[in-house]
Amino acid sequence: MKISTTIKMLLVLAMTLGSATRTIAQETTPTENYDQKFKLGIGISGGYVFQEPYKLALGVDARLQYDLSKRNSLTLTTGFSNLFVSGDDNDLGFIPVKAGFKAFIWNDQFYVMGEVGAAIAVTNDYDKTSLLIAPSIGYATKYIDISLRYEHYTDFPKLNNNGTVGKGIGQLGVRLAYGFEL
């Protein structure tokens with residue numbers, strides 16, 4: 001694992017959470033007597049993987065969200081994702097397990113979120129686990145949640161330009177989910 005790549009990803013996550021904190025601190029309307037609640041979202045996602053030999057990512061997930069206030073939530077996400085390989089190589093399937101913080105920054109519908117966790121490989125005799133970092137932005141209504149995220153898996157294998165095997169895969173993905181209160 002390259003230290004510089006990990007540091008860059010942690011800086012992106014810190015900046016995302018830092019901007020959310022500044023926005024929340026500027027909120028002038030108090031949210032008194034907010035009824036804290038749980039929500040569950042079931043989603044599908046697709047994405048483009050930036051490193052060879054992978055091309056496309058598809059996945060399904062379930063996200064449990066606990067609303068701390070009208071503008072801040074804690075999240076726990078899991079599911080199954082698959083990175084498809086072009087050619088004769090095997091695809092990489094894994095179970096992501098992520099914890100995160102979601103902050104609504106505009107009209108209680110647009111949000112930024114940072115998640116961190118593990119990606120547990122489960123296919124084709126590949127049994128490695130990778131650190132997973134995922135900042136995202138999104139739009140949520142009472143039932144629909146659409147988000148754009150970058151995910152980085154620090155320990156999954158990739159092909160370098162010179163043909164050697166390296167570590168670290170990134171993907172840009174879109175998630176569409178249906179959510180409801182529990």
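# A closed barrel of eight strands

At 43% relative accessibility, Y178 counts as partly exposed, because that value falls between the 20% limit for buried residues and the 50% limit for exposed ones. The model in which this residue is seen is predicted. Y178 belongs to strand 8, which spans residues 165-181, and it offers a way into the overall fold.

The protein chain contains one helix and eight strands, and along the sequence these elements follow the pattern α-β-β-β-β-β-β-β-β. The eight strands make up a closed barrel in the order 1-2-3-4-5-6-7-8, with antiparallel pairing. From one strand to the next the twist averages 25°. Strands of a sheet pair through backbone hydrogen bonds, in either the parallel or the antiparallel sense. Of the 182 residues of the protein chain, 38% count as buried.

The barrel may be followed through several of its pairings. Strand 1, residues 38-49, is paired with strand 2, residues 54-67, in the antiparallel sense over 11 bridges. Within this pairing, I42 stands opposite A62 of strand 2. Further along the order, strand 4 and strand 5 (residues 110-121) run antiparallel and are joined by 12 bridges; here K98 has G117 of strand 5 as its bridge partner. The hairpin of strand 4 and strand 5 has three residues between the strands, and N107 in this hairpin adopts a positive phi near 55°.

Strand 5 in turn is joined to strand 6 by 11 bridges, the two running antiparallel, and Y111 has G138 of strand 6 as its bridge partner. Y111 also takes part in a side-chain contact: the charged end of K102 sits over the ring of Y111, 4.3 Å from the ring centre.

Strand 6 and strand 7 pair in the antiparallel sense over seven bridges and form a hairpin with three residues between them. In this pairing A140 is placed opposite D145 of strand 7. Strand 7 then pairs with strand 8, again in the antiparallel sense, through 13 bridges, with I146 opposite L176 of strand 8. Five residues lie between the strands in the hairpin of strand 7 and strand 8, where G163 takes a positive phi near 90°.

The aromatic side chains come next. When rings are paired by a distance of within 6.5 Å between their centres, the count comes to 12 aromatic pairs. In the pair Y143 and Y178, the ring centres are 5.9 Å apart and the planes meet at 5°, so the pair is stacked. This pair links distant parts of the chain, 35 residues apart: Y143 lies in the loop between strand 6 (129-140) and strand 7 (144-159), whereas Y178 lies in strand 8. Y143 is partly exposed, with a relative accessible area of 40%, and Y178 is likewise partly exposed, at 43%. Elsewhere, F94, Y126, Y153 and F156 form one aromatic cluster.

The remaining topic is empty space. Rolling a probe the size of a water molecule over the atoms shows where such space is left. The structure holds two cavities of 30 Å³ or more, and the largest cavity has about 70 Å³ of space. Its lining consists of S45, V60, D61, T77, S81, P96, K98, R149 and E151. The elements giving two or more residues to this lining are strand 2, strand 3 (72-85), strand 4 (92-106) and strand 7. K98 thus appears both in the lining of the largest cavity and as the bridge partner of G117 in strand 5.

The largest pocket has a volume of about 450 Å³. It is lined by 26 residues, of which K39, Q65, F104, A140 and T141 are the closest to its centre. Strand 1, strand 2, strand 4, strand 7 and strand 8 are the elements that give two or more residues to the lining of the largest pocket. Strand 8 gives the most, with five residues. A140, one of the residues closest to the pocket centre, is also the residue that stands opposite D145 in the pairing of strand 6 and strand 7. Strand 8 therefore returns the reader to the starting point, as the strand that holds Y178, a residue that is partly exposed at 43% relative accessibility.

Definitions and conventions:
Residues numbered from 1 in each chain as written. Predicted model: local features only at pLDDT ≥ 70, side-chain atom pairs only at ≥ 80, totals over all residues. Heavy atoms only, no water. Pairing = 2+ DSSP bridges. Helix = DSSP H or I, 4+ residues; strand = E, 2+ residues; numbered from the N terminus. Axes fitted to C-alpha atoms, helices over the stretch in contact; angles between N-to-C directions. Phe/Tyr/Trp six-rings, centres within 6.5 Å; stacked < 30°, edge-to-face > 60°. Buried < 20%, exposed > 50% of the residue type's maximum accessible area, 1.4 Å probe, protein only. Lys NZ or Arg CZ within 6 Å of the ring centre and 35° of its normal. 1 Å grid on protein atoms, 1.4 Å probe; cavity = no way out; pocket = protein on both sides within 12 Å on 5 of 7 lines; lining within 4 Å. Points joined across faces, edges and corners; volume = space filled by probe spheres on them.
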